[in-house]
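Subject: Structure handover

Hi,

Here is the structure I promised to pass on to you. Have a look at it first, and then read on for what I found in it.

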Amino acid sequence: MKLGCCYYPEHWPETNWDNDAAHMREMGLELVRIGEFAWSRMEPQQGQYDWDWLDHAIESLAKAGLKIILGTPTATPPKWLVDGMPDMIAIDEKGHPRTFGSRRHYCFSHMPYRQECARIAQAMAERYGKHDAIISWQIDNEYGCHDTVLSYSVAALSRFRDWLSIKYDTIDNLNTAWGNVFWSMEYQSFNTIDLPNLTVTESNPAHMLDYRRFASDEVVSFHKIQTDIIKKYSSSRTIIHNFMGFFTDFDHHKVGADLDIATWDSYPLGFLEMFPFSDEQKNEYARQGHPDIAAFHHDLYRGCSHKWGVMEQQPGPVNWAHHNPAPLNGMVRLWTIEAMAHDAEFCSYFRWRQVPFAQEQMHAGLLRSDGAEAQGAIEARQAAKDIAILYEAGDIQNAQKLKSQTIALHFSYEAQWLFETQPHGKSFQYLWLVFEHYSALRRLGLNVDIISEDADLEGYAMVIIPSMPIIKDSFMTKIKALNIPILFGPRSGSKTKDFSIPKNLAPGPLQQLIDIKVTHIESLREGLHYFGTSRQGDDFRIDHWLEHISGSAEIVEQCHEGNAILCHQDNIYYCTAWPYEALLHNIFIDLLKLTNIKPIILPEGLRLRRKDGLIYIFNYGRKMVDLGNVHEAWEDGDYILGQENLASAQIAIIAEK
Ligand code: GAL
């Protein structure tokens with residue numbers, strides 16, 4: 001894994017560039033990303049390019065031995081461009097324009113804007129595509145950031161109608177698929193269909209889901225225009241995009257299919273603060289981030305493309321969360337090495353130097369704005385040294401052996417859109433259901449691959465599907481061929497591809513493998529629970545969701561009222577409820593007995609990952625942890641880094657015997 005940083009030469013006097021570049025190298029950085037917001041400097045007026053400054057910046061960085069990731073600037077169209085085609089901006093759900101003055105002020109469906117993107121990308125690729133120092137391209141920046149995937153513009157409407165007519169062929173097919181006879185919603189032609197905003201009450205969920213699918217496809221096709229150009233003019237350079245945290249508005253698996261390296265922007269403290277973690281967790285982990293935030297995304301994005309990396313790593317406090325604490329000393333190094341433990345190609349800090357002006361002046365860099373090194377820089381240096389030690393110690397031969405001890409955890413963007421469209425219970429949030437499964441697996445010290453439905457499932461120890469509302473025939477075929485434990489969660493098989501209830505009721509096609517039928521369901525308000533005691537004797541509680549079932553499958557867990565919570569037939573397990581921590585833990589312990597994996601119950605805040613013959617251990621907790629148990633459980637070898645008493649925000653690496 002290489003280290004790098006995000007650098008904006010256009011923000012600093014040219015006289016700084018050589019020193020900055022030399023300083024980066026001296027710190028142990030090998031990569032630098034530039035260019036992704038600099039359109040107004042590359043093309044100050046339409047058709048008048050100014051490449052001089054960028055030529056010099058690239059030479060300064062290259063001369064110091066840095067390799068460059070060059071960004072296309074299409075997330076920040078300049079003022080002259082927006083003024084020239086004002087209808088290129090996106091329109092929000094309420095019909096308001098999202099105007100110039102920050103970034104991402106474009107609609108993915110606007111065809112003339114797409115041409116402008118193609119033009120600037122081609123101009124850059126022609127000029128720099130064969131430069132020795134340019135090793136990768138980042139296309140655009142954070143698709144969808146600031147909620148910009150969904151646009152209710154005229155351009156989007158027109159392309160949505162085309163998309164529907166290709167999908168359904170005839171308007172009768174669409175009316176039937178959507179169930180438009182309900183409330184007299186039938187259309188006479190594709191040209192009369194609107195976007196699903198501004199309706200009096202909820203719009204037809206099938207209409208909404210198709211619009212979400214369409215909007216996601218728009219991101220995919222927008223992206224492809226630039227990748228095709230880069231491949232043509234800059235072949236053999238890798239193509240990258242930087243995804244975000246807890247963001248699901250487009251199908252990252254589909255964009256990832258058109259990338260060489262899927263990267264993401266890791267801001268663990270900002271994400272903890274801004275996403276629905278409990279107050280207790282927010283306080284406990286305010287300076288470390290929840291121990292599964294970074295790892296969850298590492299494992300998710302590793303499954304989205306051939307390779308993955310961290311394009312932006314938080315180096316200190318950010319500026320955009322409700323509160324922006326400083327990381328504990330040690331955390332920047334810990335996050336960096338954790339990326340390595342999850343197989344990252346690189347980890348690049350955002351940003352090199354804190355910028356004293358404009359929107360992000362309160363965001364830390366590796367350097368302060370006066371140029372002195374901040375805490376992040378000290379830790380980046382340390383991480384560079386650690387990485388060298390770990391490469392020496394790792395045993396690549398071991399890498400292949402791990403799949404049989406890895407859990408496949410399924411994630412689907414479409415499932416997220418479906419449940420957002422029809423949560424049925426306010427607290428049924430699919431992303432959190434998946435995250436809780438992930439967290440429970442990681443508390444048992446397990447390696448997890450987060451996979452799409454297209455992934456090859458052969459060779460895994462177990463497959464966990466927190467919920468799969470639409471189960472395709474192709475997935476059924478794959479599942480039938482496996483004889484490892486497979487766990488499906490609530491609402492699996494509960495919808496057809498057209499967003500209706502299946503004829504044979506939920507879990508739909510899964511009834512071929514397990515004899516259960518969901519007869520009725522309940523979503524549970526806060527404070528309304530079911531309770532039970534697991535086979536292992538632990539009390540558990542059901543929140544959010546419970547299904548009542550009939551059928552002959554064997555009941556494994558049930559609640560005090562007698563409702564089945566977990567049942568199985570052969571290797572197929574089905575959970576009828578949103579499994580809360582204790583229950584999930586017990587279910588996994590039981591299922592793991594059917595595999596070759598020996599779980600280990602980790603102390604609060606401790607996480608680990610096995611890779612290349614090493615066990616990487618991270619203490620996200622605030623207390624010192626004695627690693628004796630972990631060490632003993634696996635009869636492992638020597639400490640490569642760290643020690644048995646692992647302080648808060650510190651790492652230890654043990655060689656596996
Ligand atoms: C990312 C973005 C960067 C910068 C950073 C601040 O979302 O890609 O440009 O804004 O956040 O944390």
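Let me start with a single histidine: His253 has a relative accessibility of 15%, so it counts as buried, the cut-off being under 20%. Please keep in mind that this is a predicted model. His253 sits in helix H9, which covers residues 252–256. Setting aside neighbours within four places in sequence, its contacts are Gly303, Cys304, Phe411, Tyr413, Ile451 and Ser452. If you want a sense of distance, His253 and Arg535 are 38 Å apart from C-alpha to C-alpha, with their positions 282 residues apart in sequence.

Next, the sheets. Eight strands make a closed barrel in the order S1-S2-S3-S4-S5-S6-S7-S8, and their pairing is parallel. From one strand to the next, the twist averages 25 degrees. Within this barrel, strand S4 (residues 134–138) and strand S5 (residues 238–243) run parallel and are joined by 3 bridges, and Gln138 stands opposite Ile240 in S5. Helix H3 (residues 52–63) packs on the sheet, where it touches strand S2 (31–34), strand S3 (67–71) and S4, and its direction makes about 170 degrees with that of S2.

There is also an open sheet of 4 strands, ordered S20-S21-S25-S23, with antiparallel pairing. Strand S20 (606–611) and strand S23 (639–641) are at the edges with a single partner strand each, so one side of each has no neighbour in the sheet. Here the twist averages 25 degrees from one strand to the next. S23 is joined by 2 bridges to strand S25 (residues 651–655), the two running antiparallel, and Leu641 stands opposite Ile653 in S25.

Helix H13 (residues 331–341) lies across S20, strand S21 (614–619), S23 and S25, and runs at about 150 degrees to S21. H13 is mostly covered, with 11 of its 11 residues buried; among them are Arg333, Trp335 and Glu338. After H13 comes Asp343, which has a positive phi near 80 degrees.

On to the charges, which I thought you would enjoy. The count comes to 40 salt bridges. Three of the pairs, and one network, are worth a look:

- Asp83 and Lys79 form a salt bridge with their closest N and O atoms 2.8 Å apart. Both lie in helix H4 (residues 79–84), 4 residues apart, about one turn of the helix. Asp83 is partly exposed at 47%, and Lys79 is partly exposed at 40%.
- Arg114 and Glu218 form a salt bridge with the closest N and O atoms 3.6 Å apart. Arg114 is in helix H5 (residues 111–128) and Glu218 in helix H8 (residues 205–233), so the pair ties together parts 104 residues apart in sequence. Arg114 is buried, with a relative accessible area of 5%, and Glu218 counts as buried at 5% too.
- Glu453 and Lys472 form a salt bridge at 2.9 Å between the closest N and O atoms. Glu453 is partly exposed at 22%, and Lys472 is partly exposed at 40%.
- Lys167, Asp210, Arg213 and Glu414 are linked in a network of salt bridges.

Finally, what is the nearest side chain of opposite charge to the buried Lys495? The answer is Glu202, 9.9 Å away, and Lys495 has no salt bridge. Lys495 is in the loop between strand S12 (486–488) and strand S13 (516–523). Its side chain does make a polar contact of 2.9 Å with that of Gln422.

Best wishes

Technical notes: Residues numbered from 1 in each chain as written. Predicted model: local features only at pLDDT ≥ 70, side-chain atom pairs only at ≥ 80, totals over all residues. Heavy atoms only, no water. Pairing = 2+ DSSP bridges. Axes fitted to C-alpha atoms, helices over the stretch in contact; angles between N-to-C directions. Contact = heavy atoms within 4.5 Å. Buried < 20%, exposed > 50% of the residue type's maximum accessible area, 1.4 Å probe, protein only. Lys, Arg positive; Asp, Glu negative; His and termini not counted. Salt bridge = Lys/Arg side-chain N within 4 Å of Asp/Glu carboxyl O. Polar contact = N/O pair within 3.5 Å; in protein donor to acceptor, adjacent residues only side chain to side chain.
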